[in-house]
Amino acid sequence: MCGFLAYIGNYFDKDRFKNGLSSLDHRGPDSSKIYSQRDFTFGFNRLAIQDLSQESMQPMIDSYGNSIIYNGEVYNFKELRLELENLNYKFKTTGDVEVLMKSILEWGFEKALNKFQGMFSIIYFLKKKNIIYAARDFFGIKPLFYSILPNDQILFASEIKAITKYNNDVKIDYLASLNPIFFSGMSPKGKTMFKNIFSLNPGDLMTINLNNKLIEIKSVFSIENLVDKDLYKEISRMNEKSISEMYHKEIEKSIKMHLISDAKCGVLFSAGLDSSIIAGVISNLGIDVDLFKYENNNYSDKSYTESFLNFSNQNLHE
């Protein structure tokens with residue numbers, strides 16, 4: 001999962017920053033690191049998934065002085081690494097973070113972003129231009145919150161609590177946000193229940209010029225771009241069996257991609273349709289994973305669980 005806190009500005013408070021970062025310990029229990037420069041400080045709590053060594057610890061800084069903090073997974077990082085190796089790039093680690101850094105170095109931040117397949121929130125400092133980029137994956141799977149404070153100060157965090165720990169002058173936004181939350185269970189787009197704490201929208205890219213403190217936010221993704229019109233027409237002419245076979249291949253491909261990890265994977269298993277399909281495909285692939293399930297005394301679905309385990313022979317932790 002991992003968690004990060006980033007401060008941009010010239011009024012840095014080390015104790016408050018450490019307090020904010022420590023509130024995210026649960027997201028990254030394996031190791032913690034803080035990296036400071038004149039205009040910014042990056043803090044990171046790591047849950048090690050790819051390349052379990054300290055070589056892949058963040059914040060990661062390259063030989064050009066660029067630095068990154070990144071929460072998530074880019075599932076096609078091995079394909080990107082091979083592409084970069086063919087362009088004569090050398091790697092010190094086996095993880096995904098270094099691949100992201102070299103991808104940005106080769107193609108620029110926005111073009112690299114469009115190559116990343118996965119879920120992520122990224123803060124990246126480009127030393128050559130003295131610019132900080134902040135981006136969130138195109139479907140908003142990974143969180144990225146920010147707050148703009150007086151005197152050109154900005155905070156980024158994986159959770160709101162880290163921002164409130166650094167800046168304790170936080171007020172609830174009763175009219176604009178809290179009221180809609182009671183009706184829909186969700187904050188309005190881009191907002192939270194707190195004044196001056198925002199959520200970067202899915203597919204948005206924020207650019208912060210450290211020279212003149214200018215901030216720009218733009219959308220770099222449209223879901224319509226994912227639609228292949230020729231493929232859409234082809235599917236519309238298929239029979240049910242052909243469509244079923246096609247979907248099966250795509251689901252299997254996606255699950256294989258999500259299982260790329262140097263740490264052992266598990267499945268949150270409810271015995272419902274989604275988790276049973278995922279666990280079933282993994283079982284057919286012969287990959288060793290454990291299933292984790294919460295048993296509710298008020299409603300037991302043990303009969304479904306037992307039926308599934310007779311088919312899969314996977315190890316269930318209940």
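This is a stop-by-stop tour of the model you have open, with something to select at each stop.

Before you click anything: this is a predicted model, where local features need pLDDT of at least 70, side-chain atom pairs count only at pLDDT 80 or more, and totals for chains, interfaces and linings use all residues. Residues are numbered from 1 along each chain as its sequence is written, and side-chain values use heavy atoms, with hydrogens and water left out.

**Stop 1: helix α3**

Select residues 97–107, which make up helix α3. Helices here are DSSP runs of H or I with at least four residues, strands are runs of E with at least two, and both are numbered from the N terminus. Of the 11 residues in α3, 9 are buried, so the helix is largely enclosed by the rest of the structure. Buried means under 20% relative accessible area, exposed means over 50%, and partly exposed is in between (1.4 Å probe, protein chains only). To colour the buried ones, pick Val-97, Glu-98, Val-99, Leu-100, Met-101, Lys-102, Ser-103, Ile-104 and Trp-107.

What covers them? Show β4 (60–61), β5 (67–74), α2 (77–85), α4 (109–113) and β6 (118–126), which are included in the cover. Step just past the end of α3 and you land on Gly-108, with a positive phi of about 85°.

**Stop 2: Arg-81**

Stay in the neighbourhood of the last selection and go to Arg-81 in helix α2. Is this arginine buried or exposed? Arg-81 is buried, at 18% relative accessible area. Leaving aside neighbours within four places in sequence, Arg-81 is in contact (heavy atoms within 4.5 Å) with Phe-91, Thr-93, Thr-94 and Val-99. Val-99 is one of the buried residues you coloured in α3.

**Stop 3: the largest pocket**

Now for the pocket. On a 1 Å grid over the protein atoms alone, a pocket is an open set of points with protein on both sides within 12 Å along at least five of seven lines, where a 1.4 Å probe fits; lining residues have an atom within 4 Å of a point. The largest pocket holds about 940 Å³ of space, a volume being the space filled by probe spheres set on the points. Its lining has 25 residues, and Gln-117, Phe-139, Leu-226, Glu-250 and Ser-254 lie nearest the centre. Select those five to find the spot.

Which elements matter for the lining? β6, α7 (229–236) and α8 (240–258) each supply at least two residues of it, and α8 gives the largest share, with 7 residues.

Keep Phe-139 and Leu-226 on and add Ile-141 and Ile-223: together these four make a nonpolar surface patch of about 430 Å². Such a patch takes Val, Leu, Ile, Met, Phe, Trp or Tyr with over 30% relative accessible area and no salt bridge, with side chains joined within 5 Å. The area comes from the Shrake-Rupley method with a 1.4 Å probe. Phe-139 itself is in the loop between β7 (131–136) and β8 (145–149).

**Stop 4: salt bridges**

There are 13 salt bridges in the structure, each a side-chain nitrogen of Lys or Arg within 4 Å of a carboxyl oxygen of Asp or Glu. Try Lys-302 and Glu-318, whose closest N and O atoms are 2.9 Å apart. This pair links distant parts of the chain, 16 residues apart: Lys-302 is in helix α10 (residues 302–312), while Glu-318 is in the segment after β15 (315–317).

Next, pick Arg-38 and Asp-39, a salt bridge with closest N and O atoms 3.4 Å apart. Arg-38 is exposed at 71% relative accessibility, whereas Asp-39 is buried at 8%. Finish by selecting Arg-27, Glu-159 and Lys-161, which are linked in a network of salt bridges.

**Stop 5: backbone oddities**

Most residues other than glycine have a negative phi, and most peptide bonds are trans. Where should you look for departures?

- Gln-58 to Pro-59: this peptide bond is cis, with omega near -5°. Pro-59 sits in the loop between β3 (40–46) and β4.
- Asn-151: phi is near 65°, a positive value. Asn-151 is in the loop between β8 and β9 (153–157) and is exposed at 53%.
- Asn-196: phi is positive too, at about 65°. Asn-196 is in the loop between α6 (174–184) and β10 (198–199) and is partly exposed at 32%.

Conventions. Patches are made of residues with over 30% relative accessible area and no salt bridge: like charges are joined within 9 Å, nonpolar side chains (Val, Leu, Ile, Met, Phe, Trp, Tyr) within 5 Å.
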